[in-house]
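Me: I am new to this structure. Please take a close look at its charged side chains, and then show me how they sit within the rest of the chain.

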Amino acid sequence: KIEQICDKLLKDSEEKKIIRDYECDDEPYEAYKTRSECSLSVSKPLFAIGVKINAIPSEPNERLKQFYTMSILNEMLYSRSSEMFNELYDKNLITHSISASVEQYNSYFFNEIYSESSDPEAVYDYFVSHINDKKKNGLSLEAFELAKRTLYADNIMMYDSVDDIADALVTNYLEGTELFENSDIIASVTFEDVEEMLHSAYDERCYAMSVVNPIEKEEK
């Protein structure tokens, strides 16, 4: 029925060949733009800190392990039990949790950390300082074990949701990996893997921040 309606309403057009070329031989190492701002109808500034990661394995399961390694590191660095969240909260620089997510495919890989704050630049400065401190003084093995168990449990709980299963099936298919291998790959991530990820992925030249300011700020 939908097809019949489309055939009736949509006009015929000349068939065009679409050429998709996602290869980039001259991708720079550093972030293209370190700051971006706009003003929208929000009550408090929203920010997102992006971390561009240049090392992307060609083998699908290695990329998946890289994804879960970064996800465990995110849980260690930005969860509600983390040092960063509690210090920013105590300083009234954030009002609720920090969110972090990993975006990865075979041609790109970046990490994003986002929340709301009355002073995004102060949060950014703390973020840079905190990451440098962790790179210098090391991560907590106890925090690693907790974060890894959390991620493993989230992966198992995914099977209670039809939507989450469908999303995971599509993602695994496009990446060339197997859905039921995810738990084994999470289990294979070591503390040393996470430490190496911290040092290799977090490079200040690859940081960028985007801020959405309230419209009222621009008017003042």
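Reply: Start with Asp25. In this predicted model, Asp25 counts as exposed because its relative accessibility is 81%, and exposed means over 50%. Asp25 sits in the loop between α1 (2–9) and β1 (35–40). Asp25 has company there. Asp21, Glu23, Asp25 and Asp26 gather on the surface as a patch of negative charge.

Now turn to charges that pair up. The whole structure holds six salt bridges. Three of them are described here, one at a time.

Take Glu121 and Arg35. Their side chains meet in a salt bridge, at 2.9 Å from N to O. This pair links distant parts of the chain. Glu121 belongs to helix α4 (residues 120–137), Arg35 belongs to strand β1, and 86 residues separate them. Glu121 is partly exposed because its relative accessibility is 35%. Arg35 is partly exposed too, because its value is 29%. For both, the class covers values from 20% to 50%. Note the strand: β1 also closes the loop that holds Asp25.

Next come Arg63 and Glu175. These two form a salt bridge, and their closest N and O atoms lie 2.9 Å apart. Arg63 is in helix α2 (residues 60–78) and Glu175 is in helix α6 (residues 162–175), so the pair ties together parts 112 residues apart in sequence. What of their cover? Arg63 and Glu175 are both buried. Buried means under 20% relative accessible area. In the chain as a whole, 35% of the 220 residues count as buried.

Helix α2 has a further pair. Lys65 forms a salt bridge with Asp193, with 3.3 Å between the closest N and O atoms. Again, distant parts are linked: Lys65 is in helix α2, Asp193 is in helix α8 (residues 191–201), and they stand 128 residues apart. Lys65 is partly exposed because its relative accessibility is 22%. Asp193 falls in the partly exposed class because its relative accessible area is 23%.

Helix α6 leads on to a nonpolar part of the surface. Tyr105, Tyr108, Phe110, Val170, Tyr173 and Leu174 make a nonpolar surface patch of about 630 Å². Both β4 (108–116) and α6 supply at least two of its residues. The most comes from α6, with three. One residue to find is Leu174, which lies in helix α6. Leu174 is exposed because its relative accessible area is 52%. So helix α6 holds Glu175 of the buried pair, and helix α6 also holds the exposed Leu174.

Another loop is worth a look. Asn92 lies between α3 (83–90) and β3 (99–105). Its phi is near 60°, a positive value in a residue other than glycine. Asn92 counts as exposed because its relative accessibility is 60%. Asn86 is found in helix α3. Asn86 is partly exposed because its relative accessibility is 33%. Asn86 and Ser97 are eleven residues apart in sequence, and their C-alpha atoms are 9.4 Å apart in space.

What about links between cysteines? The count of disulfides is zero. Cys6 is partly exposed because its relative accessible area is 34%. Cys38 is partly exposed because its own area is 36%.

Finally, step back to the whole chain. Its secondary structure comes to nine helices and five strands. Read along the sequence, the order is α-β-β-α-α-β-β-α-α-α-α-α-β-α. The C-alpha trace spans about 65 × 55 × 40 Å along its principal axes.

To trace the charges on the model, begin at the negative patch of Asp21, Glu23, Asp25 and Asp26. Then go to Arg35 and its partner Glu121. Move on to helix α2, which holds Arg63 and Lys65. From Arg63, the salt bridge goes to Glu175. From Lys65, the salt bridge goes to Asp193.

Technical notes: Residues numbered from 1 in each chain as written. Predicted model: local features only at pLDDT ≥ 70, side-chain atom pairs only at ≥ 80, totals over all residues. Heavy atoms only, no water. Patch = residues over 30% accessible without salt bridge, like charges linked within 9 Å, V, L, I, M, F, W, Y side chains within 5 Å. Areas by Shrake-Rupley, 256 points an atom, 1.4 Å probe, with all protein chains shown as cover. Salt bridge = Lys/Arg side-chain N within 4 Å of Asp/Glu carboxyl O. Lys, Arg positive; Asp, Glu negative; His and termini not counted. Charge placed at Lys NZ, Arg CZ, Asp CG, Glu CD. Helix = DSSP H or I, 4+ residues; strand = E, 2+ residues; numbered from the N terminus. Buried < 20%, exposed > 50% of the residue type's maximum accessible area, 1.4 Å probe, protein only. Disulfide = S-S within 2.5 Å.
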